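Visitor: I would like a close look at one part of this model, and then a walk outwards from there. Could you take me through it in one go?

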Amino acid sequence: MRATQLDTAATLRDGLNERALVTDRRREQMLLFGLCTPAVLLILIIIFVPIGWLSWLSLFDDAGRLGWDNYARLVEQPSYIKTFKTTFQVSLVVTIVDVLLGYPLAYMLSQMPRRAAGICMIFVILPFWTSVLVRTYAWLVILQRTGLVNEWLTGLGLVAEPVQLVHSFLGVVIGMSHVLLPFLVLPLYASMRAIDRDLLRAAMNLGASPTAAFWRVFFPLSLPGLAAGVVLIFVLCLGFFVTPTLMGGGRVIMWAMRMESTVSLYANWGAASALGVVLLVVTMGCLWIFSRLFGAENLVAKGLR
Amino acid sequence: MIGEPELPIPHSRRLWLYGIGALVLAFLMAPSLIIVPMSFSDSAFLQFPPPAWSLRWYHAYFGSVEWRDATMVSLKAALLTTLLATPLGTAAAYSLHAGQFRFVGAIQALLAIPLIVPVILIGIGAFFLYARLGINNTITGLVLAHTVLAVPLVAIPVLSGLKTYDMNQELVARSLGASRLRAFLAITLPQIRFSIVSGALFAFITSFDEAVVSFFISGGETATLTRRMFSALRDQIDPTIAAISTCLIILSAVLITLPQVLGRRRAR
């Protein structure tokens, strides 16, 4: 029940009635609270309990002694350091590629009439809701040794030999950029649509060239939307599993793949948990920095639609 | 109604922008556009354009017991997830919208957690927990984990649907003697049903397309379609998967455009 209605109802100032109203209100709030408990409990049990349990396990070394061994290993063993380096490299390159591709697209869509933009938006939303596995498979087919791209490249005489596109850094970057691009375009488009065009018109009336109006007025106003997309993509990259596993073909090892192999090949829960805890902390850290800089308003909701 | 005024920049000066935009859109659509014709190829090598057309790979898909079983598992899990996540997400959204108890903010943040925590961690965590509960490789376990992923995707559209709805209507119904449940079912529900339907569709697609959590907690008899595709792709590029992918692309396209089509008909 809304506060305003309660207030008007409570102006009766009848002592007895007031108490009844308070009880009634409390019961009502209990009921409403009860409505969200099933969802909350399920999230607590399926996500919080195991992650808490695993974090606890990460504090014990292989011999079962309490200590930081599992974390020390992450900064000491060269193979882990290499995994982190690869992960950050891929994430950075994918983020940059997606900004370069996504910004012009979102800008174009934001300048089009709403109807036309809505139709073009289908081409962004459709891949967004297509299984990651399907899209990665498509790129495997397109980029493979005998695939479409290599056929064109050799056919046009640009390269003598087919280029190694799949099972390489480049393949991982292409696949992941494609999968994550909508996460940038959707929030960016929404924030660009919200920019008042009269501001640009005013700038131009006052003598700014279209280019100057764009860089001095439009671009700064689009930064919060851009930042939301960038942070989403970067964070999703860090924990990405399907695409790097298939496109990397074992040559590009990223963080999530390391976690998987630590569990399924070595059954080393302590080490895998330490990796998971650090991944979670880094992810939360990125999101926290974002919310400090730009406000937390609906980062998730913005990214969703 | 006057449309948005155009900026005083001629279209000809913006051709480069339209060019780049079109190229990026092509990049986004290319994989789907290439996989669909390839799935009708006659060849065992994935050539484009296909040398001859056939339904060979669709026969391979529907003729294989393993693929068929995996499809059934995925459909069953997605359906059950939808049936579970839709009421849970709707109830949570309603409670957050109407509630004024102390933890509204905290619970709202908690509901977003499944979207924020890296999926790989949710997968490994669920696998770890399920090993102790003995529900790895069961539909129950699969549905519970997928429901957790889907609840925020139901709650978000329902919450935004509720924001455009005037809750006083429900109060009127109640003051006229309807119970709270009756008021919700008769007055509120019909008006937010499009938000709920799109939330339910998101839940279905999320479960059906989910690959990472399923990778850890499904296997054997209850391997999902994505689980089987993932293992198959680790070995070789099987053209049967082009046929499966085409089916998945069409399913996603239909489910995503459905609310738009329904919404437009309502708007008329």
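**Around one helix of chain A**

Guide: Let us begin just after helix α13(A), where A:Gly295 takes a positive phi of about 85°. Please keep in mind that this is a predicted model.

The helix itself, α13 of chain A, runs over residues 269-294. Its 26 residues reach 37 Å from the first C-alpha to the last, close to the 38 Å expected at 1.5 Å a residue. Several of its residues are buried: A:Gly270, A:Ala271, A:Ala272, A:Ser273, A:Ala274, A:Leu275, A:Gly276 and A:Val277, and further along A:Leu279, A:Thr283 and A:Phe290.

Now step back to the loop between α12 (255-264) and α13 of chain A, which holds A:Ala267. Here too phi is positive, near 50°, in a residue other than glycine. A:Ala267 is exposed, with 9 other C-beta atoms within 10 Å. Another non-glycine residue with a positive phi is A:His167, at about 55°. You will find A:His167 in the loop between α7 (148-155) and α8 (169-193) of chain A. A:His167 is partly exposed, with 19 other C-beta atoms within 10 Å.

How far can you trust these details? Chain A has an average pLDDT of 87, with 91% of its residues scoring at least 70. Among the elements of this chain, helix α4 (residues 78-111) has the highest mean pLDDT, 95, and helix α14 (residues 299-304) the lowest, 45. Over residues 300-305 of chain A, pLDDT stays under 50, and the model has 14 contacts beyond four places in sequence for them. Chain B has a mean pLDDT of 89, and 95% of its residues reach 70 or more. For the model, ipTM is 0.89 and pTM is 0.89.

That brings us to the partner. Chain B has twelve helices and zero strands, and its C-alpha atoms fill a box of roughly 70 × 65 × 30 Å along the principal axes. Of the 268 residues of chain B, 45% count as buried. Among its contacts between residues at least 6 apart in sequence, 74% join residues at least 24 apart.

Where the chains meet, 77 residues of chain B are in contact with 72 residues of chain A. Several helices of chain B each supply at least two residues of the side that touches chain A, including α3 (65-98), α6 (139-163) and α12 (240-267). The largest share of that side, 14 residues, comes from α1(B). By residue type, the side of chain B that touches chain A divides into 63 nonpolar, twelve polar and two charged.

Finally, look at the largest nonpolar core, which has 153 residues. Those with the most contacts inside it are A:Ile233 and A:Cys237 from chain A, together with B:Ala92, B:Ala126, B:Val151 and B:Val154 from chain B. The largest share of this core, 15 residues, is supplied by α6(B). B:Val154 makes a good place to zoom in: leaving aside residues up to four places away in sequence, B:Val154 touches B:Ala85, B:Thr86, B:Gly89 and B:Thr90, and also B:Gly199, B:Ala200, B:Phe202 and B:Ala203.

Definitions and conventions
Residues are numbered from 1 along each chain as its sequence is written. Chains are lettered from A and ligands numbered from 1 in the order in which they are written. This is a predicted model: local features need pLDDT of at least 70, side-chain atom pairs count only at pLDDT 80 or more; totals for chains, interfaces and linings use all residues. Two residues are in contact if their C-beta atoms, placed from the backbone, lie within 7 Å. Helices (H or I, at least four residues) and strands (E, at least two) are DSSP runs, numbered from the N terminus. Ala, Val, Leu, Ile, Met, Phe, Trp, Tyr, Cys and Pro count as nonpolar, Asp, Glu, Lys and Arg as charged, and the others, Gly among them, as polar. The expected span of a helix is 1.5 Å times one less than its number of residues. A residue is buried if 20 or more other C-beta atoms lie within 10 Å of its own, exposed if 12 or fewer, and partly exposed in between; C-beta atoms are placed from the backbone. A nonpolar core is a set of buried Ala, Val, Leu, Ile, Met, Phe, Trp, Tyr and Cys residues joined through C-beta atoms within 7 Å. pLDDT is the predictor's confidence in each residue, from 0 to 100.
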